[in-house]
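Hi,

Here's the structure I promised to pass on. Have a look at it first, and then read my notes underneath.

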Amino acid sequence: MNYLIAGTGGVGGSIAAFLALAGKDVTCIARGEHLAAIREHGLQLHSDLKGEHTLHIPACTAEEYQGKADVIFVCVKGYSIDSITDLIRRAAKPETVVIPILNVYGTGPRIQRLVPGVTVLDGCIYIVGFVSGKGEITQMGKIFRLVYGAHKGTPVSRETLEAVQHDLQESGIKAEISEDINRDTFVKWSFISAMAVTGAYYGVPMGEVQKPGEVRDTFTGLSRESAELGRRLGIDIPADLVEYNLKVIDSLDPHSTASMQKDMARGHESEVQGLLFDLIDAAEAHGVDIPTYRMVAQKFIIIK
């Protein structure tokens, strides 16, 4: 199968690089100086799992891409989804599957509404990956886990799901086919929201969240409140979600930070709406008490 990676940031660039290292057919969508560097020098990968590599992967803008893809990984930020719907329409064949890998909840159904007639799945990822320079991707730590699956009512063959899984696993990515992707994407939203918001609120890397004290207590409070929201939404939330979030945070590189935190520190557009304020809005709509989220939101309300 051939893969189109829409968005060659930390997540998309890591997926593309790992697939390319395994000899898979990959094309990247990027823009600006990042694209120019990839075209001129190749995609530079600095990876704790794979080492140092220069990968000459085909790369172009969304407007330049004229091919058809078997699998489209959507790895843009949540605020950029509308900008790639035309690309999805042009690149999709009848049998193409689209797999969004975003931090915000509800992405698959949202894209499906924008591109009816295309098979849109949903997914989430656990990785510390970021753009470390023009044309450069850094993947930190030993975690690279990708979960994907179809929402109820989305027709897709098990054979297709397993073919994607086979390619990802051959590439060194821990790929799992979800039997409840609505639950799994919410669980990821719960984690990444608590991680990103805690890090940005205190201005600290994950090593500070791993220590007992106020910072960790805030992360725990955010996790507990989002878990309650999930239960109010009727999602089959694991009973140990807070402990799960703590286990994941403790496994991260102590120097790592969330992409939202990096973007805010640089004065760039960030996913604060999808990772903080959307969760608060949903909690208010469902009568969930969220004192920790209300506390941290005061710091970011001017950004909304």
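Below is what turned up, first on a cavity and then on one helix.

Before you start, keep in mind that this is a predicted model.

**The cavity**

Rolling a probe the size of a water molecule over the atoms shows where empty space is left. Here, the structure has one cavity of 30 Å³ or more, and its volume comes out at about 40 Å³. Which residues line the largest cavity? You'll find V128 there, then M140, G141, K142 and I143, and finally S251, L252 and D253. Strand β10, which covers residues 136-149, gives the largest share of that lining, with four residues. By type, the lining splits into four nonpolar residues, two polar ones and two charged ones.

**The helix**

Now scroll along to α11, residues 272-285. This helix has 14 residues and spans 19 Å from its first C-alpha to its last, close to the 20 Å expected at 1.5 Å a residue. Where is the kink in α11 centred? Look at D278: the helix bends there by about 30°.

Quite a few side chains are worth clicking on next. The buried residues of α11 are V272, G274, L275, L276, F277, L279, I280 and A283. What do these buried residues pack against? Their partners are α6 (181-202), α8 (214-232), α10 (259-265) and α12 (291-300).

One last stop: just after α11 comes G287, which takes a positive phi of about 70°.

Have fun exploring, and write back with any questions!

Technical notes
Residues are numbered from 1 along each chain as its sequence is written. This is a predicted model: local features need pLDDT of at least 70, side-chain atom pairs count only at pLDDT 80 or more; totals for chains, interfaces and linings use all residues. Side-chain values use heavy atoms; hydrogens and water are left out. On a 1 Å grid over the protein atoms alone, a cavity is a set of points where a 1.4 Å probe fits but cannot get out, and a pocket is an open set with protein on both sides within 12 Å along at least five of seven lines; lining residues have an atom within 4 Å of a point. Grid points are joined across faces, edges and corners, and a volume is the space filled by probe spheres set on the points. Helices (H or I, at least four residues) and strands (E, at least two) are DSSP runs, numbered from the N terminus. Ala, Val, Leu, Ile, Met, Phe, Trp, Tyr, Cys and Pro count as nonpolar, Asp, Glu, Lys and Arg as charged, and the others, Gly among them, as polar. The expected span of a helix is 1.5 Å times one less than its number of residues. The bend at a residue is the angle between axes fitted to the seven residues ending there and the seven starting there. Buried means under 20% relative accessible area, exposed over 50%, partly exposed in between (1.4 Å probe, protein chains only). Contact means heavy atoms within 4.5 Å.
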